[in-house]
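Work through the exercises below with the sequence and the model side by side, and try each task before you read its solution.

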Amino acid sequence: MTVKLSKAEKKVVYDKKLCSLLDEYSKVLIAVADNVGSNQLQNIRKGLRGDSIVLMGKNTLIRRCIRIHAEKTGNKNYLNLLPLLVGNVGLIFTKGDLKEVSEEVAKYKVGAPARVGLVAPIDVVVPPGNTGLDPSQTSFFQVLNIPTKINKGTVEIITPVELIRKGEKVGSSEAALLAKLGIRPFSYGLVILSVYDNGSVFSPEVLDLTEDDLIEKFAAGVSMVTSISLAVSYPTLAAAPHMFINAYKNVLAVAIATEYTFPQAEKVKEYLKDPSKFAVAAPVVAAEAAAAPAAEPAEEKKEEPAEESDDDMGFSLFD
């Protein structure tokens with residue numbers, strides 16, 4: 001016979017379990033569990049079994065446990081979770097890859113009907129086509145201003161209709177119509193709200209970033225730093241190459257305008273004094289580049305063997 005625990009004893013057991021998880025794990029996913037049923041949550045637990053644990057509970061109890069754990073251990077990192085414990089949320093402790101775990105959680109979504117008074121999480125559009133309903137059901141469509149026609153004894157929707165917009169509450173007429181059409185427009189599951197990793201808290205969108213995205217953002221940041229450094233004439237590692245090039249251009253301009261010279265400027269001065277040298281140098285380089293491919297067909301032509309005539313074979317077609 002199992003002994004039924006009191007509320008106080010249940011809180012002690014829950015506190016020990018949460019503290020052991022805080023000691024063992026350093027990565028946590030904070031997930032919203034609105035409209036998630038017990039069977040669905042049990043399937044999620046089974047799917048994550050091995051390297052992840054889903055913990056649900058009252059937010060006040062979880063906050064108290066985290067504060068007590070921080071005072072006992074001196075680890076203040078988990079205090080960053082306290083502002084996130086708002087609403088119907090749960091904690092997913094994991095030792096696996098955060099992105100893979102979040103993708104696994106997203107697989108367990110279940111379709112749900114539109115219930116009266118529920119706030120629509122997405123836009124609901126009724127597609128055109130035959131509904132299979134008899135003509136006596138047209139009153140539902142007339143109330144919702146949905147254009148229909150009678151085709152072969154059934155009601156047919158002519159054009160797609162946006163029945164419910166995201167953020168609006170589902171009315172009784174909309175819910176009844178969707179139920180008659182057999183449409184389950186909404187799907188619910190655990191939705192990752194925030195990610196905790198060794199004291200850092202960030203949005204789950206960060207998990208979707210690839211190496212290319214990081215390189216692109218880093219390059220944009222370097223470009224911004226370079227632009228600011230050049231604008232205020234403040235030397236930085238990113239702006240140094242541009243500053244050297246600009247300085248070289250300035251010194252070269254001074255050397256051209258005056259008698260001052262240096263080795264790199266002499267060639268430029270020669271071209272400016274006699275532009276024909278540059279005009280001659282350019283065709284020579286182009287001719288050398290074109291000469292190399294042209295030599296190959298000539299060599300191939302030499303290697304072709306001469307065709308033997310019929311006379312060389314010892315007979316002639318005209319004998």
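**Exercise 1: a histidine and its partners**

In this predicted model, the side chains of H69 and D23 make a polar contact at 2.6 Å. Find out where H69 sits, whether H69 is buried or exposed, and which residues surround it.

*Solution.* Begin with the secondary structure, where H69 turns out to belong to helix α3. Next, look at its accessibility: because buried means under 20% relative accessible area, the value of 4% for H69 places this residue among the buried ones. Finally, set aside the neighbours within four places in sequence, and the residues in contact with H69 are C19, L22, D23 and G74.

**Exercise 2: two helices that cross**

Describe how helix α1 and helix α3 cross, and name the residues through which they meet.

*Solution.* First locate the two elements, with α1 spanning residues 7–24 and α3 spanning residues 59–73. Their axes come within 10 Å and cross at roughly 55°, which makes α1 oblique to α3. The crossing in which α1 passes α3 is right-handed. Then list the residues that meet: from α1 these are K11, Y14, D15, L18, C19, L22 and D23, and from α3 they are L61, I62, C65, I66, H69 and T73. The pair from the first exercise reappears here, since D23 is on the α1 list and H69 on the α3 list.

**Exercise 3: the two sides of a helix**

Which residues of helix α4 are buried, which exposed residues lie on the face turned away from them, and what covers the buried ones?

*Solution.* Helix α4 runs over residues 98–107, and its buried residues are L98, V101, S102 and V105. They cover an arc of only 100° around the axis, so they lie on the same side of α4. This fits a general rule: an α-helix has 3.6 residues a turn, so residues three or four places apart point the same way. Turning to the face away from the buried side, you find the exposed residues E100 and K107. The cover over the buried residues includes the strands β1 (27–32), β2 (52–55), β3 (89–94), β11 (191–197) and β12 (200–202), together with helix α2 (38–48). As a last step, inspect the N-terminal end of α4, which D97 caps with a side-chain oxygen that lies 3.2 Å from the backbone nitrogen of K99.

**Exercise 4: the whole chain**

How many helices and strands does the protein chain have, and what percentage of its residues count as buried?

*Solution.* Counting the elements gives ten helices and twelve strands. Of the 319 residues, 28% count as buried.

How values were computed
Residues are numbered from 1 along each chain as its sequence is written. This is a predicted model: local features need pLDDT of at least 70, side-chain atom pairs count only at pLDDT 80 or more; totals for chains, interfaces and linings use all residues. Side-chain values use heavy atoms; hydrogens and water are left out. Buried means under 20% relative accessible area, exposed over 50%, partly exposed in between (1.4 Å probe, protein chains only). Helices (H or I, at least four residues) and strands (E, at least two) are DSSP runs, numbered from the N terminus. The arc is that of the directions from the helix axis to the C-beta atoms. Contact means heavy atoms within 4.5 Å. A polar contact is a pair of N or O atoms within 3.5 Å; within protein, one must be able to donate a hydrogen and the other to accept it, and residues adjacent in sequence count only if both atoms are side-chain atoms. Axes are lines fitted to C-alpha atoms, for helices over the stretch in contact, and angles run from 0 to 180 degrees between N-to-C directions. Angles under 35 degrees count as roughly parallel, over 145 as roughly antiparallel, 65 to 115 as roughly perpendicular and the rest as oblique. A crossing is left-handed if the near helix is turned anticlockwise from the far one by less than a right angle, and right-handed if clockwise.
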